[in-house]
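Here are my notes on the structure you asked me to look over. Have the viewer open while you read.

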Amino acid sequence: NHLGIVIKNSVPLNDPELFKINKNSPNNPIEIYKPYIHLSLQHKQMIETTPLGSFKSFVQGGGFFRSSELSFTDLKHFNGNETSVMRGSYLEVFALLPYYEFSTNGHYLQGHFEQNFKGFLWQKLPLIKGLNFHTIVSFKTLYTQGRKPYQEFAIGLGNIGIGKTKILRVDFFKSLHKQETNAAVRVGLVY
């Protein structure tokens, strides 16, 4: 189990750049930089669900305070994917989410849930039993302030390979956002 709290402040409070002389505006001779605060809380967990395999979850929620004029790089960006190959931890990445479509300076909540049945389903089939494939089912959701929720559902096959190098995983993903659906197959390596 992992629980984390992250607080980000845009600038140290003793920074001399907080107050600047604005020579171009006689009405506002002093520009005051308004720092923002980004507060984030996340929880990551894996539970062995013998004999059904393992269940993993990653939940993160947070928001910005005093954030009306943030630059693009300061926004909260979510791990999206617009390629056919998955990158990083499957648990914290959306497989079909466009990279910056849901970036926000408001409040947000994302949840990633994955059940790996390991060999539970394939152990019943004599010819496939020895391959030790893993069936993986996942659900991912994202809520950002002022937008309709984004959701992904997936079913996949993992532990594909030869001998001890069973690191290949193939998933079929389907996303839902504002009554629009998208579907694709993603391939990735799991170490």
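The points below go from the overall fold to a surface patch and then to a loop.

1. First, a caveat: this is a predicted model. The protein chain has 0 helices and 10 strands, so if you read the elements from the N terminus you get β-β-β-β-β-β-β-β-β-β, with strands counted as DSSP runs of at least two residues.

2. On packing, 37% of the 191 residues in the protein chain are buried. If you take the contacts between residues at least 6 apart in sequence, 54% of them join residues at least 24 apart. The accessible surface comes to about 12,000 Å², and carbon and sulfur atoms account for 61% of that.

3. Have a look at the nonpolar patch on the surface, which covers about 820 Å². Its residues are Val137, Ile155, Ile167, Leu168, Phe172, Val185, Val187, Leu189 and Tyr191. Strand S9 (165-177) and strand S10 (180-189) each put in at least two residues of this nonpolar patch.

4. One patch member, Tyr191, sits in the segment after S10. Is Tyr191 buried or exposed? Tyr191 counts as exposed because its relative accessible area is 82%, and the cut-off for exposed is over 50%.

5. Then there's Gly146, in the loop between strand S7 (134-144) and strand S8 (150-162). Gly146 is exposed too, because its relative accessible area is 83%. Gly146 and Gly106 are 40 residues apart in sequence, yet their C-alpha atoms are 8.4 Å apart in space.

Technical notes:
Residues numbered from 1 in each chain as written. Predicted model: local features only at pLDDT ≥ 70, side-chain atom pairs only at ≥ 80, totals over all residues. Heavy atoms only, no water. Patch = residues over 30% accessible without salt bridge, like charges linked within 9 Å, V, L, I, M, F, W, Y side chains within 5 Å. Areas by Shrake-Rupley, 256 points an atom, 1.4 Å probe, with all protein chains shown as cover. Salt bridge = Lys/Arg side-chain N within 4 Å of Asp/Glu carboxyl O. Helix = DSSP H or I, 4+ residues; strand = E, 2+ residues; numbered from the N terminus. Buried < 20%, exposed > 50% of the residue type's maximum accessible area, 1.4 Å probe, protein only. Contact = heavy atoms within 4.5 Å.
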